[in-house]
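User: I have a structure open and I want to learn how to read it. Where do we start?

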Amino acid sequence: MEKPIIIVGAGLSGLRAASLLEEQGISYKVVEARDRIGGRVLSESVPNQENLGRYDLGPTWFWPQYEPMIASFVKDLNLETFVQQNDGDLLVERFQRKPPERCAMQENVHERGVRIKGGMQSLIDAVALKIPSSMIKLKTRIKKIYLDQAGEIVVEVVKEEGETEQLCAAQVILALPPRLIAKHIEFSPALPEDLMIDISEKPTWMGSQAKAVAVYDRPFWRESGLSGLVLSSAGPLQEIYDASPQEGAGALFGFFGINSEVRQQMGQEKITELVTNQLIKLFGSGAEKPQAILYKDWSSDAETAVNEDSSPFKNYGSYGQPPTSGIWHEKLLFAGTETNAQFSGHLEGALHSAETVVEKIISLRK
């Protein structure tokens, strides 16, 4: 019986690798510690008001003019897209006690990002349809990867009930943030020192970030000629964008200027209060009563980030394929946006990394 490729992580790169292996008729299994697929792609609805749409708390858009792989992939999946709304004036908030400045924004519409109807989760859902559901094991955590006496790969997993299981594998695709690999997976024999250093020093994309989305019954700011775009040095949100769906409800999302340690000390209730107050200051009384404020702090998500990711982002140059050599060479394969040097941090990078590892698997079988 053919041993499967074990794919660790059901984010975009892991799912795309699985779909490519499925197309090739190569045996595989996907294991995911979370209770959902998607990884850092996360689109949520307002509780009990799904009619208001889904809003992205992870990646929000892509740029077809610069990212051909995801553009082509989205088209092949027949997903509906729309151009990010940026029409109108920009607000610049320099001081907490002074009103924002309103500026005309000159922008080339052809440089705008593109969003997917229903949020980026629609992309994840469409990829998952290409994979038999039985091939994906959720709430399954990798504990150890080792070589048995015959030199064969064994992946030890812990299931939701706490039961441990050993899975034999032809190869392992590690499609999760490299620092999680270094922190939480035991290897026997140990990984080479240069490989361990490399994956330990790769910052997790979004690992220090948090995102808030304020949902309203309509995009009221457009009525006064505002784009929804804000640049702020007064905070708590330092960048704000229009996150509204194509029609119906309105939404504004923002990234925080407050560091992760302070955010966690404040707690979500205080954070959402500060966000609401900032939006009222910027956009007036229409912002007083959002239908909801959706919030996700990726730095406190144990399936995304480690403690080292809380510090300011650095070492971007470390992104790219980790160096593999020695006994683990060609047994362990690395995927995920951090392992693609050209498009690291983007969905495009996640897709490239998946195609790269599957091409390698196919070439090794020839």
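Analyst: Start with pairing. Two strands pair if DSSP finds at least two bridges between them. Keep in mind that this is a predicted model. Now take a case. Strand β16 (residues 226–232) and strand β17 (residues 237–242) are joined by two bridges and pair in the antiparallel sense.

User: Which residue of β17 is the bridge partner of valine 230?

Analyst: Isoleucine 240 is the partner of valine 230.

User: How do I go from pairs to a whole sheet?

Analyst: List the strands in the order in which they sit. Here seven strands make an open sheet, ordered β7-β6-β16-β17-β18-β15-β19. The pairing is mixed. Then look at the ends of the list. β7 (101–103) and β19 (292–297) are the edge strands, and each pairs on one side only. Last, check the twist. On average, neighbouring strands of this sheet are turned by 20 degrees against each other, direction ignored.

User: What should I look for in a strand such as β15?

Analyst: Check its partners, then its burial. β15 is joined to β19 by six bridges, and the two run antiparallel. One partner pair there is valine 215 with alanine 292 of β19. With strand β18 (residues 250–256), β15 also pairs in the antiparallel sense, over six bridges. There, alanine 212 has glycine 254 of β18 as its bridge partner.

User: How many residues of β15 are buried?

Analyst: A residue counts as buried under 20% relative accessible area. In β15 (residues 210–216), seven of the seven residues are buried, so the strand is largely enclosed by the rest of the structure. Both faces are covered. Ala210, Ala212, Ala214 and Tyr216 are buried on one side. Lys211, Val213 and Val215 are buried on the other.

User: Can you show me another sheet?

Analyst: Try the one with four strands. They form an open sheet in the order β12-β11-β10-β14, with mixed pairing. Its edge strands, β12 (164–169) and β14 (186–188), each pair on one side only. Inside the order, β10 (residues 141–147) and β11 (residues 153–158) run antiparallel and share six bridges. Isoleucine 145 has valine 155 of β11 as its bridge partner.

User: Now a helix. How do I read one?

Analyst: Check length first. Helix α7 (residues 268–283) has 16 residues. From first C-alpha to last, α7 reaches 22 Å, close to the 22 Å expected at 1.5 Å a residue. Next, list what is buried. In α7 these are Ile271, Thr272, Val275, Thr276, Gln278, Leu279, Leu282 and Phe283.

User: Why do the buried residues of α7 line one face?

Analyst: First the general idea. An α-helix has 3.6 residues a turn, so residues three or four places apart point the same way. Now the case. Looking down the axis of α7, the buried residues fall within an arc of 165 degrees, so they line one face of the helix. After the helix comes glycine 284, whose phi is positive, near 90 degrees.

User: What about a single residue in a loop, such as glutamine 85?

Analyst: Ask where it sits, how buried it is and what it touches. Glutamine 85 is in the loop between β5 (81–83) and β6 (89–93). Its relative accessible area is 16%, so glutamine 85 is buried. A polar atom of its side chain lies 2.9 Å from the backbone oxygen of aspartate 87. Leaving aside neighbours within four places in sequence, glutamine 85 is in contact with Arg112, Arg222, Ser227 and Asp242.

User: Is glycine 118 buried or partly exposed?

Analyst: Glycine 118 is partly exposed, at 31% relative accessible area. Its loop lies between β8 (114–116) and α3 (121–128). Not counting residues up to four places away in sequence, glycine 118 touches Ser43 and Arg54. Glycine 118 and serine 43 are 75 residues apart in sequence, but their C-alpha atoms are 8.1 Å apart.

User: Where does arginine 16 lie, and what does it touch?

Analyst: Arginine 16 lies in helix α1 (residues 12–24). With 9% relative accessibility, arginine 16 counts as buried. Beyond four places in sequence, arginine 16 touches Glu23, Phe73, Val127, Leu351, Ala354 and Glu355.

Conventions:
Residues are numbered from 1 along each chain as its sequence is written. This is a predicted model: local features need pLDDT of at least 70, side-chain atom pairs count only at pLDDT 80 or more; totals for chains, interfaces and linings use all residues. Side-chain values use heavy atoms; hydrogens and water are left out. The expected span of a helix is 1.5 Å times one less than its number of residues. Buried means under 20% relative accessible area, exposed over 50%, partly exposed in between (1.4 Å probe, protein chains only). The arc is that of the directions from the helix axis to the C-beta atoms. A polar contact is a pair of N or O atoms within 3.5 Å; within protein, one must be able to donate a hydrogen and the other to accept it, and residues adjacent in sequence count only if both atoms are side-chain atoms. Contact means heavy atoms within 4.5 Å. Axes are lines fitted to C-alpha atoms, for helices over the stretch in contact, and angles run from 0 to 180 degrees between N-to-C directions.
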